[in-house]
Structures are given as C-alpha cells and as structure tokens.
Amino acid sequence: MALVDKESPSRAGLAVQTIDVTKVYRVGHIDYPALRGVTLKIAKGELVSIVGPSGSGKSTLLNLIGALDPPTSGRVIIDGIDLRKLNQDKLALLRNLRIGFVYQSFNLIQRLTSIENVEMPLIARGVSEEARKSRSLKMLSAVGLRRQANKRPTELSGGEQQRVAIARALVTQPTIVLGDEPTGNVDSKTTREVLSYIVQVNKTLGTTFVLVTHNPEVSNMTHRVITLKDGLIEKEQYLQRIDSYTGM
Amino acid sequence: MQMRISDIFKLAFKALRDRKLRSVLTIVGIMIGSAVILALVASSSGLSTGIQAQVGKIGANTLTVSSAGQFFAPGGSSGTQSYKLTQQDVNTIKSFQGVSDVIPYYSQRATISYASNSIQGELIGVDTSALFTMYRGLSLYSGSLPDSYDPSAAAVGYSIAFPTGSSDQLSINQMISTTLGGSTSSSLTFLVKGILSEYGRVLFSNIDETIFISLQSAQILLKTQYFSGLYVITDTPADVTTVQQEIESYYGTQVRVMNAGSMVSTVESITSQMTVFLGSIGGVSLFVAAVGITNTMFVSVMERTREIGILKALGYRPKQIMGMFLSEAILSGVIGGVGGTILGYALSFIIGGALPMFGGFGPPGQTRSSTTFTPVFTPELIAFSLLFPIGVAVLAGLYPAWRASRMNAVVALKYE
C-alpha cells in the first residue's frame, strides 16, 4: 500500500526506534506496568538481543516493536514509520511487508504443510500460487528443508519446525526479524545451527534481528545486548561492531 | 495487495477438511433444511398443479349427484334405506333452471382381463354419445364408440389396451373378460369396438383404466334400475352454485351433490396452506442449521485462537481474517445447498410416490385408487434452495468471523 511503500524511511538508517514507551496492563482494577519508559534505537542491519529476568518486559517490548500491540504512551517508529499514525489495516500491512516473527513455540499452522506455512505471509499479499511456491521452496532449501516441504509440523522435529518458522519469517524479505526465545524449544546443536543461520542472513542480507532470549549462547552472538529490568533498560552492552554485511 | 479469492476458499476448504466430522455434520444440517424446503414445496405445488389439470378436464359447469347412503358404501352395495337414483330424478333435475343436461351413469369396480393382462379398473355404463361432453378433450384412439343397443360392445381406456410393461396389447374386435367387483361378482365378456386416447385422471376415476359400455347394456348386465350417479351440466359455470342449492333443497340429505370446482378450490386452499406449513418446517430446520453453523464457527474460532494470532502476526488484515472464516461458512452453505437441492429433488419424487392424491376418498361406486403426482420445480424454487442456505450460512458465520477478526494478536498468540 502506498503509505508503506512510498515513504523512504531507510534513509534514517534506523530499523527500530522507541521513544519513552510505556505499557500498562490492566487486570481488573489493578494496573501492571510492564514497560516504564524505554527509549532505544536499533540500526538497520543490527543483530540485537534483549535479555532480562522473567517479567522484565522483554516480550512486551518485542510485541510493541512488532506492531502487534500499541504502547500505553510513547512512540514506536519502525523503518521510519510512526506506528501511531497507522490503523489496523496499515499495521497489518507493515507487519506483512517489513517484519518477520520467530517464536519459541514455532507457531506453525498444524494442518498445513511446511511449504504452505511458509507461503502464508505471501498469500496475504495476493502473490500468485506459482510465484509463492517457488519463493517458499527456495526459502526452505536455504534452511535445508527442501525435502520436508510437504510434511506437516507434526512430522518434523523441533529444530526442523523452527527452521520452517524462520523460512516463513524470511520469505517476505522483511527489514526486521523479531525472535521471542527462538531457540527456547530446541536442543543445543539445533540452537547453534539456527544461530549460525541468523548470523549468515544478517551478514548477507542485512536483515535486522531483535532476539529476546535467556540463553547466553544466543546473546553472545549478537552485536548488542540490551538488558531489561522491571520495565526499564538496565544496561546496554556492545559486543561486536556492525560490519561485513552488505545491506543498508 | 489483495488476497486472492481462490486462495481464501482453498484455505477455507483445508480448514473444513481438517475437521471432517464436524464439517460434515454442519453441512448435513444445512442439507436437510434445504432438501426439506425444496421437496415439500415442490410436492405441494405439484399436488396443486395436478388438481388444476384435473378440474380443467371436468369443466367448471359440472356437478355430480349421488345417493348419500352410497357414499360410505363403495361398489354399489347400498344399504336398504339409501336413496335410489332413477330416470325420474334425471327428469326432475333436468327441469331445474340453469340445468343444460343430466347424464346418468352406472359405475362399478371391475377387473378387466385378456391374454396375460389383468387390470384393476372400472366399468362405467353411460350414454356413450355423452362421453366426450363429460370428459373434455377425450377422443377415440381407434375404432368407434359402442352402439347403444349392442350389449356386448365396449370402448376401453388407453392403459387397458396398451398396459405398460406388457407385450400383449388389445386390438379392435378382440374379446375381453370383465369381472365385476362389489355384490355382483359375475364375469362378463365384451367385444372391443373402440380404444380411447390417453387421458389420465379425472378426480376420482382413471379414464385410461376404464371400460365404457352403453347405459342400456349396463342396465341389462348389472340388472339394476338405479343409477350410480348423475352428471349435471349447467348452462354456465355461474349456475353451478344455484343448481347445487336447488338440488340440495329438493332432496335434502338424501343425495350428495359435489361441485367439482368448489371442491377443487377447497383442496387448493388446503394445499396452499400445506405449502406454507411444510415450507415453514423446512425454514425451521434451516434455522436450526444456522444455529448449528454459528455454534460450530464459535468453537472453531475458539480452537483456532492461536492460529488467528499467527495470521495477525503474519500481517493478515482484520477483514482478511473475517473473510477467511466467513468463507468457511459460505463453503458449508454452498455444499449444503447443492447437496440439499439434489437430496430434495430425489425426496420430492419419493413423497410424490408415497402420498396418494384423494386416496380413500371418492364418490359412490367408483374406484378409490390412489394416484401419484409430479413435483413442480420452478427455477425460482431451485434458486431458492441453492442460495437460501448460503445466505443463512453467511448470516450465521458473520458474528463468529467478526469476533475472530477483532481478536487481540498478543492475547491470541498466548492462547493455549
């Protein structure tokens, strides 16, 4: 749609910007502040991890960045687009065009095959069956699952399911991929495979990754580790320089 | 960037297929509703059309007069106290104002047999020259009408001469044997002088299964002076009511006068009420099906809460999600409507075969054989039975689909 396509946010060089965002969940008459004023900038091509104890607001922040949930106050700017200005339809379009999600529990649709799951975001945009099949198959090949294309999630191992989910997140060539404990449900060998693939995509395509994790093995691979505590950024730690990717 | 309609329906089909039993049960509910409406409405309008066709043959200016006592005693076995119709009654009624002609007749159930054929039919003795006045549009297929003074001469209905499913057929000047039912169980032999054209039913009689002999022959062969009934023909259709009143006031309850036109209009009002009533039964069953769809859809939306969350995360717009769920309902409606229409089509012929028209109800001395009728399918009715279930399904699916589209993505993704 015009709004998302015509603006040229990439000039800003920021994939994600949050300005003093808060999120308060109200249960009954009691307010639970999940985020209490988070301001951060994530550059295009950055590989960022968000760590912190349970209840620190990691997933809440990820949902705000993913345009799944509006902040109570503050602003979220994705790829130069202020989310406050978008209605439900345009938020959906933004998610479809610019954001990919990878979840701990994979979140694949069980009755669909691997390739059908990967096709789902393309179906929403009306890509022809032929075009989306070939793109999806390419994507599955890239994650090493070409031969599993016609299997359903129940016939796949956890690691394979997560790779299908990654293929689904990347098939739209998003600017940002958000991972909520993407390696939380897979063994350490698969974790390393998934991580090396993420690093590879980050380097070659310049895709921005924001990964919420508990796992130091994951956070150690990233450029920057943002630690949240009680809904606030406790510290930010740069581990690597952002270099050697071709994107931007 | 719009989702393709074909993709929406493919996904809907996969979703329905995933829950086979539930989908099938929902669709069966729709099918029954659609089938019942189609079958019942087609049958009752078929019944109504059948009656109209029959009254067209009799003519609106016809009355039948029969002895009141005989109405409940078929086959001419009248009780002693019942009134007997004679030539004197013919003359009396003829003298009434507005009466153009009175045609007396004898009638008795009979089994007509020749070669390997045996047909349950009727013997009617009547002035054969009046035959074509009584039955409009009736004609001779071959031969001639029996001569009044030849007691062995007869004309037979089309089905007697050419029975379905039999290779033996009748030709002119062939002998046939007739065994009378009722009290006089004697066997008579006739020479076929004429074969009548195919005609069909007239209210109580099937002309195609009737053997006609002259009035004089019947009088001699049946050994009776008393007529089974009188056909009264009035000058105009408008005279029917006044003539009926005249006859009734003259004879009181001794005779029974039947006015074909008014009887048909009574039957028609019954059938049209029946159409509404039966149609409503179908409507109610479709309503029940609609509740079923809504229920199924709600369960489906609940179960797939997480899937809805996934769709939202993948960038499906609320309208698209609503469309996806709604198309599942539409698909159920389409399958149910098509299936129901086919089922209803078949069902209406079963009803047509099982429901006798005027079964067990007829004037004296005539057969009470039942008849089948052909259901009437108008394009409007077919369209209705195809499209109405779809409309019902859409309405039933609207609210659950809307609920699905309004779900909060974050909450939906956390749903276990």
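How many residues of chain B are in contact with chain A, and how many residues of chain A take part? In this predicted model, 20 residues of chain B are in contact with 21 residues of chain A. On the side of chain B that touches chain A, the elements giving two or more residues are helix H1 (5-18), helix H9 (305-313), helix H10 (318-354) and helix H12 (409-414) of chain B. The largest share of that side, four residues, is supplied by H9(B). Sorted by class, the side of chain B that touches chain A holds 10 nonpolar, three polar and seven charged residues. H9(B) is itself mostly covered, with seven of its nine residues buried, namely Glu307(B), Ile308(B), Gly309(B), Ile310(B), Leu311(B), Lys312(B) and Ala313(B). Just after H9(B), a positive phi of about 95° is found at Gly315(B).

Chain A contains eight helices and 10 strands. The radius of gyration of chain A is 18 Å, close to the 18 Å given by the globule rule for 248 residues, and chain A is therefore as compact as a globular protein of that length. The C-alpha trace of chain A spans about 45 × 45 × 40 Å along its principal axes, and 48% of the 248 residues of chain A count as buried. Of the contacts in chain A that join residues at least 6 apart in sequence, 71% are between residues at least 24 apart.

Two open sheets of chain A are described here. One is formed by four strands in the order S2-S1-S4-S5 (chain A), with antiparallel pairing. Strand S2 (30-43) and strand S5 (81-82) of chain A occupy its edges and have a single partner strand each, so that one side of each is left without a neighbour in the sheet. At one of these edges, strand S4 (residues 73-78) of chain A pairs with S5(A) in the antiparallel sense over two bridges, and Asp82(A) in S5(A) is the bridge partner of Ile77(A). Helix H2 (residues 58-65) of chain A packs on this sheet, where it touches strand S1 (14-27), S2 and S4 of chain A, and its direction makes about 120° with that of S1(A).

The other sheet is made of six strands in the order S6-S7-S8-S3-S9-S10 (chain A), and its pairing is mixed. Here strand S6 (99-103) and strand S10 (232-238) of chain A stand at the edges with a single partner strand each, so one side of each is without a neighbour in the sheet. On average, and with direction ignored, neighbouring strands of this sheet are turned by 15° against each other. Within the sheet, strand S7 (residues 176-180) of chain A and strand S8 (residues 208-212) of chain A pair in the parallel sense over five bridges, with Leu211(A) in S8(A) as the bridge partner of Gly179(A). H2(A) also lies across strand S3 (47-51), S7, S8 and strand S9 (224-229) of chain A, running at about 150° to S8(A).

The largest nonpolar core has 118 residues, of which Ile65(A), Ala167(A), Val210(A) and Phe325(B) touch the most other members. When residues up to four places away in sequence are not counted, Val210(A) touches Val16(A), Ile42(A), Val48(A), Ile50(A), Leu62(A), Ile65(A), Ile176(A) and Leu178(A). Apart from this core lies another, of 47 residues, including Val65(B), Ile124(B), Ile195(B) and Leu222(B).

Among the helices of chain A, helix H5 (residues 129-142) includes Met139(A), which counts as buried because it has 24 C-beta neighbours inside 10 Å. Leaving aside neighbours within four places in sequence, Met139(A) is in contact with Val118(A), Ala167(A), Leu170(A) and Val171(A). Helix H3 (residues 88-98) of chain A is mostly covered, with eight of its 11 residues buried, among them Arg95(A), Asn96(A) and Arg98(A). Met139(A) and Asn96(A) are separated by 43 residues in sequence and by 17 Å in space, C-alpha to C-alpha.

In chain B, strand S10 (residues 210-213) directs Thr210(B) and Phe212(B) one way and Ile211(B) and Ile213(B) the other way, all of them buried. Strand S3 (residues 117-126) of chain B pairs with S10(B) in the parallel sense over four bridges, and Ile124(B) stands opposite Phe212(B). Strand S5 (residues 153-156) of chain B pairs with S10(B) in the antiparallel sense over two bridges, Ile211(B) being the bridge partner of Val156(B).

Terms used
Residues numbered from 1 in each chain as written. Chains lettered and ligands numbered in written order. Predicted model: local features only at pLDDT ≥ 70, side-chain atom pairs only at ≥ 80, totals over all residues. Buried ≥ 20, exposed ≤ 12 C-beta atoms within 10 Å, placed from the backbone. Pairing = 2+ DSSP bridges. Contact = placed C-beta atoms within 7 Å. Axes fitted to C-alpha atoms, helices over the stretch in contact; angles between N-to-C directions. Rg over C-alpha atoms; globule rule 2.2 N^0.38 Å. Nonpolar A, V, L, I, M, F, W, Y, C, P; charged D, E, K, R; others polar. Core = buried A, V, L, I, M, F, W, Y, C linked by C-beta atoms within 7 Å.
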